Amino acid sequence: MTMATLGKIARRTFLIGTGLVAGGLAVGYYYYRKPYPNPLEDELAEGEATFNPYVKIAPDNTITLIAPRAEMGQGVSTTLAALVAEELDVRLDQVIVEHGPAGHAYANTTMLEEGVPFPHFDESTVAELMRSGMAVAGKFLGLQGTGGSTSIVDGFYKMRQAGAAAREVLKLAAAKRLGAEPGSLWTSDGIVTDPASGTTFTYGELAQEAAALAPPAEIRLREKSEWKILGKPQARIDMRAKVTGAPIFGIDVRLPDMLFATLRMNPYRGGPIASLDDADAMKMRGVLKVVKVETGIANGYAVIADNTWRAFQAADAVKAEWGKGTYPPDSAGIRQALEAALKEGDASYGRDDGNVETAFADAPRERIVEADYGVPYLAHATMEPMNATARLKDGRLDIWAPNQMPTMVRQLAAAAVGIETADCFVHTTYLGGGFGRRGDVDYAIYAAIVASKTEGRPVQVTWTREEDMQQDMYRPAALGRFRARLGNDGLPVAVDMRIAAPSIIGSILPRYFPSISPIGPDKSITDGSANQPYTIANYRVGGIKAPVSIPVGFWRSVGNSFNGFFHEGFMDEIAVAGGLDPLELRRKLMAAYPTAVNVVDKVGAMSRWGEKLPPGTAKGFAFTLSFGTWVAQVVQVADVGGRIRIEKVWCAADPGQVMDPAIFEAQMMSGIVYGLSSAIGEEITFADGAAEQSNFHDYTPMRIHQCPQIEVGILETAHRMGGAGEPGTPPSIPALANAVHALTGKRIRSMPLSKEVEFL
Amino acid sequence: MIDLLKALTGFAGCAVAALLSATAAGAQDPGLDAWRGIYAVFSHPRCANCHVEDDRPRWSGAHYGRTRVHDMNVQRGADGLGNPGMRCTTCHQEQNAAQRHGPPGAPAWHLAPAEMVWWQKSSKEICEQVKDPARNGNRTLDEIALHVRDDDLVSWGWQPGTGREPAPGSAEETYQLLRQWSAAGAPCPAD
Amino acid sequence: MTLEETTMKLNVNGSEHEIDVETEMPLLWALRDELDIRGPKFGCGIAQCGACTVFIDGEPVRSCSVTVGEVSGAVTTIEGLAADGRLHPVQQAWIDEQVAQCGYCQAGQVMTAIALLEAIPDPTDADIDNAMSGNLCRCGTYPRIRAAIKRAASATAGA
């Protein structure tokens, strides 16, 4: 990619950025450097002291660490706490870990940094400048979010600094008491020791004095070789609660005098309410009210009752007529719109190396490989259906919600009931799954509106599974059209990819920030195709925004979830057409990126790639770099009486540095199961404007008897740190499709694979 | 949805009416005519989906797309009542769950015995099997008629709950058909 | 079965409760919203996911799909497993294998695993699949669930 191309893309894309932060950038450098207030200062218990937004210590030596990212299963609360604990010199079993309040101090700058339109491996000056520019924007927005596999990358320095700064002032306080040099004191397990006198102080004894002291200007963070906690598997802090069924989730919130409610929104998404008749519902036991919930996101009604099931029953009894939405009402029409966009739409090129048009102009027919790919809309289907609990009383709005975006919840829920953002308080519970779904905040806005009709009583709004499935912010459907020209050695000399999908940012911005117009290209449409570390002389990847207004959102690995399949499915076709082994093809095309070759070699060794397999079994391979982590996978499948069993998955991943290998392994497994699950049978289709699937009988995630053995190998050779939550997903889907091809000879280019082959 | 149900039940009703009237009209072979009515019941998904050969019940109907294997890896188990940890009664209670798409229920929900398999078998095959004590639960034809009329789980086929197409006719009508068929010598069709 | 409201008795985790609810209310919602027993989770409402699994007279049942009126035996929820504050061996195995991710399905998974192990103390992979396939997990903890069940089996065998 030339500098000129970069500059052009940078200007166009940044329009989105400047739109978002309007009024922020003008304040200038000073404000950016000024720290946000410490939100813990408002909520200290008697005698408790806080050192920074991440550490609270009580006189009895109760040490509370704040892990300000949503714990949705990815183990982030444990690993973020470990980052602080490593420098604070406390044991993980000695601390309490809390999510903490919504606060700008907890902005996730990395999440915005990774929004820049440059491949992860592009470390040119412009790319670095853009990243830091987005970090500034992130801090201005104060966007506290969990997503993009960024939590640990984002917390790696600031959480360790927080722990180290607190440790140093605790030592200073002890040194003052003793008249000793702080440098002569030791810290461990929450105690400061003076080795000269043998005197010890608990952190709790020193906390009040220490919190008033300024930390030294420069604190050296510990080297990896000095780590006691980081880099080693830790017992998750949330495990005991989770195996005892503890009431830690959103739907477990209980408040005095609480009501229970549920929602029904227009299934033709975005359409209005034509009429409501609640006469029958109002006669039912326990029903208090039926209220309209009308927003820029969706329109419908809520039933408020004294028991969730009674609310469900009464919601069924309300007779509603719905107006129409603005998208084609059925899957055939939606497909036509996508096809038209693919054929005729204006592409933004996320990558345009060499000259593709010239390369194809004189290509002999027999050297060309062409293929069309497609994927459907997908639901997130978190195990905990969407819900939120809200109380609006005396001008103060409290929201208890399993959510990935607390500052957005605060701002938008407050606005929905007409109060100031400052008067809204968000309490983030544990999340019964997120996968990006809870990066949307619709459920919290609706709950706030319902709470505005209950005269100050708190109300828990729980969605039925059917509502959760049908009011999801789906993974967009996408189509891809690909061609390659092969050289005499079988390697591609030109690859041309066109991908059309509804824009995610183009869906999210209008539903939450209707005044901001989403102009510029949407990087996510080509994420996973335009930014892969392949070197091909003529290599073009274009993304087209398809104008279909079904709400779409972030689904685990976002654009990579379909581009991984497109890019790596097509690479497998190129390998077959060129007579090359799929791993050998990657080694050659990714030779400029040793990290990529490392994971390819590693997974090849783990899976004994190339060795003869028993009859009726086959392997497939794929590679995707996403969220900074380089992942290669091999999937082995077997024919069992005409049905396919996924036997085993080998995964080699390089995120640069791993903070907790057991949690990282779990995240890779999780991402793989989530990806394979989609490939073997998930699909959202539409009829009469509504999603046709409604529950787990017709939207069928992978069950344990379908789950392969999974072996994860970790490398730490990449020199930038990558994420864990998402990168396992993208390659799993094409690796399976490629294995199915190797087994059956069927090249399936459309998901889910179960439309053409049957899985056990 | 409601239209679809009406259409389905309407269709089934017509089929039974046609069969019954054919019998009443005394077409060429009253025994075979009665059998056709019985076969329409026995081969109906509400009955046949649990008379399976591979120990895996089937799902079919408006909300399940084409007939498919019961999800969740459900199997007969040693006693026909499911496997340890996931018994039939883990989900299926004594009555149909009220919620849409909820599990249907009847007393002693279980798979038909392994020898009483007729899912996707031909009319002739099922007919011969029904008469064979080794493959009908060691019953006389009268006992079969009574079983069909009085067994709670069999009766469920005609009251399968909201959203499911019931088996044609009724328990009583099927009982009468079995009696007519038996009285006519229990003939089986040629194919 | 009458649909009228009555006061009914439910024995849950060894305690008798009187509740005034419709007989057709699913047990799950009587537990969660009336008795404040929140271990059984709501996932699907139609016995597809297993998150609400409880025992009735020792047998696993999806509490979302059994009505209060149908419950005649003693109900045990995950809250009723630990004795004297000690975890059930299956819960301990879950911790030792670090199974849970988001954790929402895990109460149901643990309950089903216990039912399996009570019937088959040393289950094969197939036995595990046959018992556990009614319990969905979206986080993909299945490989560690298998490991934890085997660990619990050998822990019990060694005891």
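Start where two chains meet: select chain A and chain C, which bury about 4900 Å² between them, with carbon and sulfur atoms giving 57% of that. Buried area here is the accessible area (1.4 Å probe) that two parts lose on being put together, summed over both. Now highlight Trp309(A), Met383(A) and Ile704(A), which supply 18% of the area chain A buries against chain C, more than any other three residues. The contact takes 63 residues from chain A and 55 residues from chain C, where contact means heavy atoms within 4.5 Å.

A quick word on what is on your screen. This is a predicted model, in which local features need pLDDT of at least 70, side-chain atom pairs count only at pLDDT 80 or more, and totals for chains, interfaces and linings use all residues. Residues are numbered from 1 along each chain as its sequence is written, chains are lettered from A and ligands numbered from 1 in the order in which they are written, and side-chain values use heavy atoms, with hydrogens and water left out.

**Next stop: chain C**

Hide everything else and colour chain C by secondary structure. You should find 5 helices and 5 strands, in the order β-β-α-β-β-β-α-α-α-α from the N terminus. Helices (H or I, at least four residues) and strands (E, at least two) are DSSP runs, numbered from the N terminus. The C-alpha atoms fill a box of roughly 50 × 30 × 25 Å along the principal axes. Of the 159 residues in chain C, 65% count as buried; buried means under 20% relative accessible area, exposed over 50%, and partly exposed in between (1.4 Å probe, protein chains only). Try colouring by charge too: the mean positions of the 11 positive and 22 negative charges of chain C are 12 Å apart. Lys and Arg count as positive and Asp and Glu as negative, while His and the chain ends are not counted; each charge is placed at NZ of Lys, CZ of Arg, CG of Asp or CD of Glu.

**Zoom in on Glu79(C)**

Look in the loop between strand 5 (75-76) and helix 2 (89-96) of chain C for Glu79(C). Is Glu79(C) buried, exposed or partly exposed? Glu79(C) is partly exposed, because its relative accessible area is 36%. Leaving out residues up to four places away in sequence, Glu79(C) touches Gly245(A) as well as several chain C residues, including Asn13(C) and Pro40(C). Pro40(C) is 39 residues away along the chain, yet the two C-alpha atoms are separated by 9.0 Å.

**Over to Arg703(A)**

Bring chains A and B back and select Arg703(A), in the loop between strand 26 (690-691) and strand 27 (709-714) of chain A. Arg703(A) counts as buried because its relative accessibility is 1%. Which residues surround it? Beyond its neighbours within four places in sequence, the contacts of Arg703(A) include Phe696(A), Asp71(B), Met72(B), Gln48(C) and Tyr142(C).

**Chain B in brief**

Chain B shows 8 helices and 4 strands. Buried residues make up 44% of its 191 residues.

**Last stops: backbone oddities in chain A**

Select Met751(A) and Pro752(A): the peptide bond from one to the other is cis, with omega near -10 degrees. Pro752(A) sits in the segment after helix 21 (729-744). Then try Asn61(A), which has a positive phi of about 70 degrees although it is not a glycine. Asn61(A) counts as buried, at 17% relative accessibility. Finish at Asp394(A), also not a glycine, with a positive phi of about 50 degrees. Asp394(A) counts as exposed, at 75% relative accessibility.
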